[in-house]
Each structure stands twice: as structure tokens, then as C-alpha cells.
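The exercises below are meant to be worked with the sequence and the coordinates side by side. Try each task before reading the solution that follows it.

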Amino acid sequence: MRIISGSHKGRRLTAPRNLPVRPTTDFAKEGLFNILHHRLDMHESTVLDLFSGTGNIAYECASRGAEKVTAVDGHHGCVKFISETSEELEFPITAIKADVFKYLNSTKEQFSFIFADPPYSFEIEELSKIVVKVFENNLLEDEGFLIIEHTKHTDLSSVPHFEESRRYGGSVFSFFPK
């Protein structure tokens, strides 16, 4: 895993092998952040990274100057790795061990950008539930947006608030603006 840009550009991070993760590829992440560059001033943003895994997206946002990043994952090892790595890199990342859906129901914060990278085995109903919870609970700031990473075999265009999707190899990013 590599940080592509920002204060830690080029930095390689190695996560423990025993984590149950599928990190976003550098190719897909570079495409995603090229899009984000035109849609979001990262320096003033607050970010929520759901199903954070290794923290790959959280580190990229923090390296690019995000004001605050919250990384949520249900696996203790993932949260521990994110906490230790963000402390080492002096990133403004708070790692939280929680069920993502319970977190979405309990948080009162709003975010500029929410990124969700659930397991690729999630069905459309589960992916739609993420969108519903984000919008029902008003978790996006004005002009904020949610992005869900999913497999190329899943089509989220019928989900409310869907704007567009972009494909990078086997990964697809679907956008849901406020």
C-alpha cells in the first residue's frame, strides 16, 4: 500500500497479513483522488471512512490535508493498525471499532466526504442500506457526498441519490451527492 500524494507522498505502508482486507488498488485509488481533487477541497474536509480495513483511504485523505478523518471498522486488528499507523505518521485520524451500521445510527457528526468500501460480497440491499442510513441521519454537510466502492458486477444506479459511477479495473466507485 502506498500513499500517492500529500505530506507523505510515496510512503509505503505494510499491513499485517492476518487482516481480513481487500485494499483499494493504487490504480483505483489514484483515479478516485483525481476525481476528488476537482470536487473537494481536502484541506477543509472532514472524512468518514467506513469499512476502513487497513486505513488506505484514510491515510491518503490525511496526507492530502484533511482536517479530520474518522475510520470505522469492525475488526480489532484493523483498528489497532490504523491507530498505530496514524499516530506514527501524526495524522488526524480517529479509528473506531464498531459495526458500521450501528455507527451510522449513533453518530451525530456531519462529514464533507464519506467513503465506504464494504466487502464485495455485499448485495445491493446491504449497499443501499449504507446510502439510506447516511441520508436519513443527515451525515453529509452541504455539498458533501458519499462514495461506495463495489465490484463491477454490481449496479447501484437505481439507488436513491445516485449520480454516477466510475470503473477502475475490477473496482467501481458510485457517487451519491447531498
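A salt bridge is taken here as a side-chain nitrogen of Lys or Arg within 4 Å of a carboxyl oxygen of Asp or Glu. The model is a predicted one, and the distances discussed below are computed from it.

**Exercise 1. Which residues are linked with Arg-39 in a network of salt bridges, and where do its partners lie?**

Step 1. Begin with Glu-164, whose side chain meets that of Arg-39 in a salt bridge at 3.3 Å, N to O. Glu-164 belongs to strand 6 and Arg-39 to helix 1, so the pair ties together parts that are 125 residues apart in sequence.

Step 2. Turn next to Glu-163, which also forms a salt bridge with Arg-39, the closest N and O atoms being 2.8 Å apart. This pair again links distant parts of the chain, since Glu-163 sits in the loop between strand 5 and strand 6, 124 residues from Arg-39 in helix 1.

Step 3. Consider the exposure of these side chains: Arg-39 is partly exposed at a relative accessible area of 29%, Glu-163 is partly exposed at 41%, and Glu-164 is partly exposed at 22%.

Step 4. Assemble the network, which links Arg-39, Glu-163, Glu-164 and Arg-166 through salt bridges. The count for the structure comes to 12 salt bridges.

**Exercise 2. Describe the salt bridge between Arg-22 and Glu-149, and state whether each residue is buried or partly exposed.**

Step 1. The side chains of Arg-22 and Glu-149 meet at 3.5 Å, N to O, which lies within the 4 Å cut-off.

Step 2. Locating the two residues shows a link between distant parts of the chain, with Arg-22 in the segment before helix 1 and Glu-149 in strand 5, 127 residues apart.

Step 3. Arg-22 has a relative accessibility of 30% and therefore counts as partly exposed, whereas Glu-149, at 1%, counts as buried.

**Exercise 3. Asp-49 and Glu-60 are both acidic residues to examine; what surrounds each side chain?**

Step 1. Asp-49, in strand 1, is buried yet has no salt bridge, and the nearest side chain of opposite charge, that of Lys-29, is 9.9 Å away.

Step 2. The side chain of Asp-49 does have a polar contact of 2.8 Å with the side chain of Ser-52. Beyond its neighbours within four places in sequence, Asp-49 is in contact with Gly-55, Ile-57, Ala-58, Thr-70, Ala-71, Val-72 and Phe-115.

Step 3. Glu-60 is found in helix 2, and at 0% relative accessibility it counts as buried.

Step 4. Backbone nitrogens supply polar partners for the side chain of Glu-60: that of Ile-4 lies 2.8 Å from one of its polar atoms, and that of Ser-5 is reached at 3.0 Å. With neighbours within four places set aside, the contacts of Glu-60 are Arg-2, Ile-3, Ile-4, Ser-5, Lys-29 and Phe-33.

**Exercise 4. Which members of the largest nonpolar core touch the most other members, and which elements give two or more residues to this core?**

Step 1. The largest nonpolar core has 34 residues, of which Cys-61, Ile-93, Phe-113 and Ile-147 touch the most other members.

Step 2. Two or more residues come from each of helix 1, helix 2, strand 2, helix 3, strand 3, strand 4, strand 5 and strand 7.

Step 3. For Ile-147, the residues touched, not counting those up to four places away in sequence, are Leu-32, Leu-36, Phe-113, Ile-114, Phe-115, Ala-116, Phe-173, Ser-174 and Phe-175.

Step 4. A second core of 23 residues is separate, and Phe-51, Leu-104, Leu-146 and Leu-156 are among its members.

**Exercise 5. Why do Cys-61 and Cys-78 form no bond with each other?**

Step 1. A disulfide is a covalent bond between the sulfur atoms of two cysteines. The cut-off needed here is a pair of cysteine sulfur atoms within 2.5 Å.

Step 2. The closest cysteine sulfur to that of Cys-61 is in Cys-78, and because it is 17 Å away, it is too far for a bond. The search from Cys-78 leads back to Cys-61, at 17 Å.

Step 3. Both sites are buried, Cys-61 at 0% relative accessibility and Cys-78 at 1%. The structure holds zero disulfides.

How values were computed. Residues are numbered from 1 along each chain as its sequence is written. This is a predicted model: local features need pLDDT of at least 70, side-chain atom pairs count only at pLDDT 80 or more; totals for chains, interfaces and linings use all residues. Side-chain values use heavy atoms; hydrogens and water are left out. Helices (H or I, at least four residues) and strands (E, at least two) are DSSP runs, numbered from the N terminus. Buried means under 20% relative accessible area, exposed over 50%, partly exposed in between (1.4 Å probe, protein chains only). Lys and Arg count as positive and Asp and Glu as negative; His and the chain ends are not counted. A polar contact is a pair of N or O atoms within 3.5 Å; within protein, one must be able to donate a hydrogen and the other to accept it, and residues adjacent in sequence count only if both atoms are side-chain atoms. Contact means heavy atoms within 4.5 Å. A nonpolar core is a set of buried Ala, Val, Leu, Ile, Met, Phe, Trp, Tyr and Cys residues joined through side-chain atoms within 4.5 Å.
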